[in-house]
Amino acid sequence: MLYRMLADATAGVHFLFVAYLVVGGFLAWRWRWTIWTHIAAVAWGFSTVLFGFACPLTYLENWSRVRGGQALLPSSGFIDHYITGVLYPRSALDAVRVLVIVVVAVSWIGFAQLRRRHPPAAITGPSPAQRGPHPHP
């Protein structure tokens, strides 16, 4: 029972990771520091598709499934099992991949535009003009 719960929890985390990969760049519009975690997520996610890197979440889910008496995910992995053919037809896979790239690109372009319009505050504090007049001792 515990291994099945771990497999389900791992699948849930995997869904969250995929969702973050797609829309996480928009979170950086509000929380700028998250752009770095999003860049890492995109780099990892795309590398698993482009280069066939094994995902540790898929490994953990399979490990848990075997110990819980369940079948392994198909060799094509998490996305093929849970998303492709379920959330969109298999025939739309290429279009969905392009759409994901477009969504990520739009989020990063928007982030860059916001950053240009509203640069981070200086670490040194407000400028002398912003501080106003200083009384002399």
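Which helix among the elements of the chain has the lowest mean pLDDT, and which has the highest? Before I answer, please keep in mind that we are looking at a predicted model, in which the chain averages a pLDDT of 89 and 88% of the residues score at least 70. The lowest mean, 61, belongs to helix H6, which covers residues 128-131, while the highest, 96, belongs to H1. Where pLDDT is low, the predicted coordinates should not be read in detail.

Let me turn to helix H5, residues 93-117. At 1.5 Å a residue, its 25 residues should span 36 Å, and because the C-alpha atoms at its ends are 36 Å apart, the expected and modelled values agree. Within H5, the residues Val-100, Val-104, Ser-107, Gly-110 and Phe-111 are buried, and the buried residues of this helix pack against H1 and H2.

Staying with H2, we find Ser-47 in that helix, and this serine counts as buried because its relative accessibility is 9%, with the cut-off being under 20%. Leaving aside residues up to four places away in sequence, Ser-47 touches Gly-52 and Phe-53.

Finally, the largest pocket, which has a volume of about 920 Å³, is lined by 33 residues, and Val-18, Gly-45, Val-49, Ile-79 and Arg-97 are those that lie nearest its centre. Helices H1, H2, H4 and H5 each supply at least two residues of that lining. As for its chemical character, the lining of the largest pocket divides into 23 nonpolar, 8 polar and 2 charged residues.

Technical notes: Residues are numbered from 1 along each chain as its sequence is written. This is a predicted model: local features need pLDDT of at least 70, side-chain atom pairs count only at pLDDT 80 or more; totals for chains, interfaces and linings use all residues. Side-chain values use heavy atoms; hydrogens and water are left out. On a 1 Å grid over the protein atoms alone, a cavity is a set of points where a 1.4 Å probe fits but cannot get out, and a pocket is an open set with protein on both sides within 12 Å along at least five of seven lines; lining residues have an atom within 4 Å of a point. Grid points are joined across faces, edges and corners, and a volume is the space filled by probe spheres set on the points. Helices (H or I, at least four residues) and strands (E, at least two) are DSSP runs, numbered from the N terminus. Ala, Val, Leu, Ile, Met, Phe, Trp, Tyr, Cys and Pro count as nonpolar, Asp, Glu, Lys and Arg as charged, and the others, Gly among them, as polar. The expected span of a helix is 1.5 Å times one less than its number of residues. Buried means under 20% relative accessible area, exposed over 50%, partly exposed in between (1.4 Å probe, protein chains only). Contact means heavy atoms within 4.5 Å. pLDDT is the predictor's confidence in each residue, from 0 to 100.
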